[in-house]
Every structure is written in C-alpha cells, then in structure tokens.
Amino acid sequence: MQLMEKIEESLSIVEYAVETYGEGLFATFSGGKDSLVMLHLLQTVGHGRVNVPVLSIDTTVKFPETMAFRDALATDWGLDLRIIGNPEAALNIDIAADRAECCQALKVGPLNRAIVDLDITGLMSAIRWDEHPARASEEPISPRIDPPHDRIHPILHFTVDDIWDYIHAFNLPYCSLYDEGYASLSCVHCTVKSGDQARERAGRAPEKEEIMEQLRHLGYF
C-alpha cells in the first residue's frame, strides 16, 4: 500500500471517530513524531483546525525539548491542550526503579482518571503495528473496559518510514531531539540515543519494553 492510500485509510478512521464520538472524542499528544502525524490528520479533517481536545501526560521527567515542542505546536495550531499528570507521585517514588510502578503512577493512573473525569468515550492514540509486538494485534477501533471507552488508532498501518515520509511531505515541524540521535522519545530515564531507525525503540529502556504487554493491560498506549 502506498503512502497516499494509507493516508486515505487514516482519514476515514479519523472522520468516523469525529462523527461517532462527538464531544466525547479526545486525542493524545506526546510531543513525538507519531502523535504529530495523527494531529495533522485531525487538522486535515477539521479543515485546518484540530477540533477535539488534546491530552498530554506530564510525567515531570520528560525531555524539556519534547515539552517545549508540544507547547509551541499547541500555540501554533491552536490546540485545546489539556495537561494531566500526578506530580505528587513523582515526588514520592523512585523514578524508573520499578518500571511498572513508575508508569502506573505517572502515566496510566492520570490517563484513566482523565478518561472518567472528562467523560471521554473515544480516545485517539498514535500507536503502530510495527512499533512493538505488544501492539501488533490492535484494531483501529478497540473497546476498553476499565474505564469504559474506545481507543481509536488511525495510524496502525503506518511504518516508521511512512511517518517520516509524511512529516517531510507536509513539511511538518518536529521535536529537535530526533535530529540529535533519538529514534523514539519517552521519559528521560527510559530513553537514550540510538540513531537506529531500523530498530526504532532501541533507545528505550529494555526493562520497560519487556513489560509493555502488562502496561497495556493497565491502560498504557
């Protein structure tokens, strides 16, 4: 499938989500390349505007460059950015000592609370099939039980090369860390430079990658 065909498929998923979930639809934005592409798809469907609220999880330990890019894009694109997090937990746990505990406290917990508090019925996230084995069986529309909502995945069928081809084709801005040798971005303690686009997540902490399936059952992307 060529990139333009993949884009058309993605746009149809986004259009379906906008029509189906209405005010209950939210998108996620990490400041990374994949969610950037997803937001641009939403912007395309919205005729130049991202017309759904955008959630960003602030773990307090993300790269400053990532957060600066997120904030700049929110301003430039007029995003309705909702920043969520658990800063108290960040002060009371040993960051990254126990990867499951850390992700549960700083990412999964705040996300699940936001889904309930904001009455989110559809949450759009930018995961891809080829990114990690734990994501390989996902569907474009994926029901969740606890808390009850649907996950919408419009770029599952994209590869990492598709992502970069899309970014360059539409001349999108992106976080400067990618040009410094980072292939995938997470929190500071769980990310190192790899420069290995063929093994996109080679720079992620292996302990966290090994428990990805467990984290996804808890509600992680």
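Select Cys 102. At 10% relative accessibility, this cysteine counts as buried. The model you have open is predicted.

**The cysteines**

Stay on Cys 102 and look for a partner sulfur. Cys 102 is in no disulfide. Its nearest cysteine sulfur belongs to Cys 103, 5.9 Å away. A disulfide here would need the two sulfur atoms within 2.5 Å. Next, pick Cys 190. Cys 190 is in no disulfide either, with the sulfur of Cys 103 nearest at 6.1 Å. Buried or exposed? Cys 190 is buried, at a relative accessible area of 11%. Widen the search to the whole structure and the count of disulfides is zero.

**Helix H5**

Now select residues 99–117, helix H5. Start at the N-terminal end, where Asp 98 acts as the cap. One of its side-chain oxygens sits 3.1 Å from the backbone nitrogen of Ala 100. Move along to Ala 105. A kink of about 40° is centred there. What does the end-to-end span look like? The 19 residues, at 1.5 Å each, should span 27 Å, and the end C-alpha atoms are 26 Å apart, which agrees. Colour H5 by accessibility: 14 of its 19 residues are buried, so the helix is mostly covered. Just past H5, check the backbone of Asp 119, which takes a positive phi of about 55°.

**Helix H1**

Jump to residues 3–21, helix H1. Its 19 residues should span 27 Å, and its end C-alpha atoms are 27 Å apart. Select the buried residues, among them Leu 3, Ile 7, Leu 11, Val 14 and Tyr 21. The buried residues of H1 cover an arc of only 160° around the axis, which puts them on the same side of the helix. Show what they pack against: strands S1 (25–28), S4 (122–124), S5 (141–144) and S6 (149–152), plus helices H2 (33–45) and H6. Rotate to the face turned away from the buried side. Met 4 and Glu 19 are exposed there. Just after H1, Gly 22 has a positive phi of about 55°.

**Tyr 174**

Finish in the loop between helix H6 (160–169) and helix H7 (206–210), and select Tyr 174. This tyrosine is partly exposed, at 25% relative accessible area. Which residues does Tyr 174 touch, leaving out those up to four places away in sequence? They are Leu 36, Phe 69, Trp 164, Ile 167, His 168 and Asp 179. With Asp 179 there is a polar contact, side chain to side chain, at 3.1 Å. Last, add Thr 66. Its C-alpha atom is 9.2 Å from that of Tyr 174, though the two residues are 108 apart along the chain.

Methods
Residues numbered from 1 in each chain as written. Predicted model: local features only at pLDDT ≥ 70, side-chain atom pairs only at ≥ 80, totals over all residues. Heavy atoms only, no water. Buried < 20%, exposed > 50% of the residue type's maximum accessible area, 1.4 Å probe, protein only. Helix = DSSP H or I, 4+ residues; strand = E, 2+ residues; numbered from the N terminus. Contact = heavy atoms within 4.5 Å. Polar contact = N/O pair within 3.5 Å; in protein donor to acceptor, adjacent residues only side chain to side chain. Expected span 1.5 Å × (residues − 1). Bend = angle between axes of the 7 residues up to and from the residue. Arc of directions from axis to C-beta.
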